Structures are given as C-alpha cells and as structure tokens.
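Colleague: Please take a close look at one part of this model, the interface between the chains. Begin with some local detail and work outward from there.

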Amino acid sequence: MDYLIDTMDNKYEQLETIGRGNFGEVYKCRDREKNTFASMKRILFRYQDDGVPGSVIRGVALLKELDHPNIISLLDVLDDEKWVDLVFEYLEMDLWRFMGTYPRIGKDPNLTKSFLYQILSDSYRILHRNLKPRNIMVDVDKKIVKIADYGLARPVDAPVAFTYQVLSPGYKAPELLIDAKYSTPVDIWSVGCIFAEMVTHHPLFNGQCEHTAIMEMFSLLGVPNVETWPGVTSLGINLSNPEALVSGVRRSLSDVVKGLEPTGIDLLAQMLCLNPCRRITARDALIHAYFRNA
Amino acid sequence: MSSDFPSCLRLRLLKFLIQSTHQLQVSPIVKYSALSLFADRFCSSLYKFIQSNDTENWLLHPVTESNLQLFALVSIWISSKIHDSHPLSVKSLKSLGDGMIKEQHFMIRDFLEAEVALMQVLDFEVGTSNIAFKFLEDLLIQFKGVARVGKLVNFEACMDIMDLLYEKEETSTLYNSPRYLAASILVASYVITVPKQRWEFPVLPWGNTFVLKHP
C-alpha cells in the first residue's frame with residue numbers, strides 16, 4: 001500500500017479498506033482540514049496509454065451533473081498519471097449491515113416503504129446495473145438511503161453496448177443472466193430483490209452461479225414461454241423441458257415474502273416480471289397503491 | 001462565457017478543433033461535445049484556474065498556442081471516450097497533432113498529462129447531457145413526431161449554424177442558454193431549408209412551448 005501514502009495529497013488521511021469493486025478498492029478516509037470522513041475509490045488505469053478510462057470519465061461526468069438526495073455525492077476528484085481517486089460522502093452503514101444490525105427497526109413496514117420509495121425515486125434517470133444492499137448506504141438517524149454508485153452508472157440514453165460483468169448473480173435480472181439486451185428494467189428487478197429482502201431480511205435469490213439463479217427465479221416466478229415473454233426463445237435457454245429449469249417445491253411470492261401487505265406483493269410481482277418489457281417502470285412503481293397510505 | 005484569449009487566437013483554435021474533428025471523422029455528438037468542453041468551458045475558466053491554483057504543470061506555463069491546440073485535441077479525445085464504444089486512440093490523435101501542430105512536437109505522455117490537466121481546469125465538469133446539440137437533436141425528433149414538414153428540416157444546416165455561432169465571441173455566449181439556442185437554431189434552419197410554400201406548421205409557438213416547458 002506504499003503507493004497510497006505518497007499521493008494522498010495530504011488532504012485526506014487513509015483509514016481502512018471498506019470495499020472492493022470492479023475498478024479497485026474503496027477506502028474510508030478522513031478530510032484532515034474539515035475533520036470529516038469520506039470514502040475514496042481509487043481507480044487504477046489498466047492501460048496507461050489510453051489515459052483515463054471512458055467509463056470513469058462518464059461516471060464522473062454523471063455524478064457531477066447529478067444532485068440527488070438519494071445518491072451518494074461526489075465531493076472531490078484527485079488524480080495522477082496512473083489512477084484517479086474519487087472522493088464521496090461517507091455513511092457508516094450499508095443496507096446489508098443495517099438489516100443485520102437492526103433486525104427489528106429494519107423490518108418496520110413503514111421504513112421499508114420509505115426506503116423503497118427513496119431508492120425508486122432516484123432510479124428512473126440513471127442506469128445503475130449494480131444495485132444490491134451493499135451498495136445502498138443508510139443514514140440511520142435521518143432514515144435516508146443513498147445509492148453508492150461508484151462510477152459504474154451511465155445515463156439512461158447512452159448508446160454503448162454493455163459487455164462486462166457488473167452484478168452479483170443473486171440480484172441480476174434474468175435478461176442479464178441470459179445475455180439479452182438490457183436497459184433500466186434491470187435496475188427495477190434488482191430493486192425488487194432488495195424490496196423482498198428488506199421485508200424478510202433474507203436474500204430473495206441466493207444465486208451462487210448464473211444457472212442456479214435462473215432455476216431459483218423460474219421456480220418462484222414460473223418458467224417463461226413465448227406468450228409471457230415474446231422473444232424468450234431467442235435468448236439461448238432451452239425451454240423445451242420446463243421441468244428441468246425449476247427446482248424444489250413451487251411457492252408463491254406471498255409464501256416467500258411473508259408479512260408484506262397485499263399491495264406490496266402486487267408491486268413486487270410487477271417489479272419481478274421476467275419479461276423486461278412488461279416489468280413495471282420506476283415512474284409507475286412510485287404511484288402504485290402500495291405507496292398510497294405512506 | 002467570455003474567452004480568456006484574444007479573439008483572433010480563439011478563432012484560430014476553434015477552427016483547428018473543427019478541422020481536427022472533420023479529419024478524425026468523429027460523429028456530430030463528439031464534435032459538439034468537444035466544442036462545449038473546449039470553447040464553452042476550458043477557454044473561459046483557464047486563467048481563473050491558473051490564478052487560483054499554484055500549478056506547476058508545464059502545459060499551463062506558459063500557455064502557448066500549441067499547448068492550447070493540444071488541449072483542443074484532448075477535448076475531442078475525452079468527448080470520444082464519453083460517446084463512442086470504440087473511442088479514438090491516443091495514437092490517432094498524436095499523428096494528427098504531428099501533422100497539424102507546427103511549433104511543438106507532443107509525445108503520447110503529453111496527451112495523457114493534458115487530459116488530466118484539462119479535467120482539472122474544468123473541475124471535472126465534463127458532463128455533456130445539457131449541451132445545445134443534445135437539445136437540438138431531441139427537439140428535432142419531437143418536431144418530426146408532431147409535424148410531417150419536420151422531415152424537410154436540414155440537420156446539416158442546423159450544424160452549420162452552430163459552427164457559425166462559434167466564430168464570434170458575442171454569438172458563442174449563446175451557448176450559455178443551450179435550450180433556448182437549440183430552439184432558435186431549429187427555427188432558423190426551418191426558415192432557411194423548408195420551402196416557403198410548405199410553411200404549414202406553427203413552428204414559433206411550438207418552439208416557445210418547448211423552451212417554456214423546460215426552463
């Protein structure tokens with residue numbers, strides 16, 4: 001870690017490592033002047049001759065243009081020839097740890113509703129692709145959640161083909177697992193998984209690998225066919241023997257996500273619609289009956 | 001957005017940038033994003049940056065015309081990285097620079113250094129979702145949706161108007177209000193390129209609504 005020390009710019013003191021992502025590590029650090037904490041993501045350039053990677057430039061550009069209460073804000077950018085450090089506001093707790101630390105408060109239906117609303121209200125302008133409880137930070141006192149998107153997001157209308165792996169299988173939408181074209185519905189799927197997890201405090205899908213994730217998904221939501229998902233046959237999964245694609249006993253969403261009110265189950269089912277074209281949009285989800293008495 | 005340079009130098013630099021985009025055959029969005037980065041932002045914040053930061057970067061000490069040409073090329077590079085799935089390579093920019101920049105021979109590492117310096121001068125405000133070109137594109141799509149005559153509007157003419165506006169400092173300040181500018185360019189292009197006997201659409205009131213809807 002020697003290389004960190006000489007370039008921390010004296011402005012920030014590096015503390016412990018708090019996460020690892022696709023591009024590099026995330027550190028907790030202290031702003032020496034303001035005496036506040038921040039998190040810092042160091043992005044090493046793999047091909048130095050290409051300069052700053054396009055994904056980083058796009059990420060920074062987007063974060064600079066964004067000012068949303070439910071997104072962790074970008075405070076500072078430090079750079080060097082071999083890397084860029086992105087300095088973000090810091091929150092102690094992520095949603096995954098929050099659920100583990102506060103099993104009772106964390107299951108409060110009104111809190112779940114509020115958190116879900118906050119997550120959705122940010123997500124219709126941006127494609128995150130990596131939403132999971134560990135990437136959602138919680139301000140425990142203020143009851144605010146903020147998406148910590150460390151530079152992977154892109155604006156919804158950006159035309160570039162997405163080729164690299166972005167998400168852990170347990171939170172991945174089916175069209176991602178089977179490699180179809182994707183867009184914002186993938187975020188809604190992930191938010192649906194997070195919604196269910198906030199209710200039960202257990203991941204909805206464990207998905208160790210892509211294949212088991214697909215099996216879990218189809219077991220819970222049914223095997224898609226050309227009627228429920230036109231074009232599904234072109235996605236490269238063999239649907240001729242649907243039984244081979246499910247495992248265990250068929251259960252319904254309300255069996256698995258116990259304790260969620262009926263309007264919540266309805267919203268969840270619409271968020272977890274296998275066919276991305278029929279999946280509910282963030283805009284429509286925000287006016288769903290589930291939020292009416294919030 | 002007053003520029004920090006004498007207007008003849010500014011004009012030469014913008015001409016250099018536009019010629020380079022044509023030689024590199026970049027798409028219009030890359031060209032106009034680069035112009036926005038360089039003309040709208042870099043040129044107007046450079047001296048403020050130098051005054052308030054005790055930077056020792058040799059590219060900014062002193063600011064020579066060839067260094068500024070390097071920054072113009074780097075604007076195109078950054079813009080291409082934002083918009084293209086296969087961005088321009090630094091080598092292609094370097095070989096263009098070798099041919100076009102007479103006073104100085106820049107190495108690849110100068111491009112890398114200039115890239116970081118440019119983003120620092122811009123305080124990393126490199127977003128291109130609110131530029132006049134983007135609004136113009138959106139507006140034209142909407143226009144074609146509501147009026148058949150929209151097909152007759154010549155997009156090339158719109159882009160020529162944009163290039164012309166960059167020629168004078170007074171007119172390039174219009175880029176500070178990108179949405180208004182986009183609507184005005186569309187109307188101007190409509191008047192210029194659509195035959196008079198086809199002027200069946202109330203383009204002015206419609207353009208007004210567009211601007212007012214998104215102040």
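Modeller: Gly222(A), placed just after α7(A), adopts a positive phi of about 95°. The model is predicted, with local features needing pLDDT of at least 70 and side-chain atom pairs counting only at pLDDT 80 or more, while totals for chains, interfaces and linings take in all residues. Residues are numbered from 1 along each chain as its sequence is written, chains are lettered from A in the order in which they are written, and side-chain values use heavy atoms, without hydrogens or water.

The helix before Gly222(A), α7 of chain A, covers residues 210-221 (helices are DSSP runs of H or I, at least four residues, and strands runs of E, at least two, numbered from the N terminus). Its twelve residues reach 16 Å from first to last C-alpha, close to the expected 16 Å (1.5 Å times one less than the number of residues). Buried residues of α7(A) include Ala213(A), Ile214(A), Met217(A) and Phe218(A) (buried is under 20% relative accessible area, exposed over 50%, partly exposed in between, with a 1.4 Å probe and protein chains only). Chain A as a whole has ten helices and ten strands, and 53% of its 294 residues are buried.

Now the interface. On the side of chain B, 23 residues are in contact with 18 residues of chain A (heavy atoms within 4.5 Å). The area buried between the two chains is about 1600 Å², with carbon and sulfur atoms giving 59% of it (accessible area, 1.4 Å probe, lost on being put together, summed over both parts). In chain B, Lys81(B), Ile82(B) and Phe124(B) lose the most area to chain A, and together they give 31% of what that side buries.

Two salt bridges are counted between chain B and chain A (a side-chain nitrogen of Lys or Arg within 4 Å of a carboxyl oxygen of Asp or Glu). The side chains of Lys64(A) and Asp123(B) form a salt bridge, at 3.5 Å from N to O. Two helices of chain B, α3 (65-83) and α5 (108-121), each supply at least two residues of the side that touches chain A. The largest share of that side, six residues, comes from α5(B).

One further helix of chain B is worth listing. Helix α9(B), residues 178-193, has 16 residues and reaches 22 Å between its end C-alphas, close to the expected 22 Å. Among its buried residues are Leu181(B), Ile185(B), Leu186(B) and Tyr190(B).
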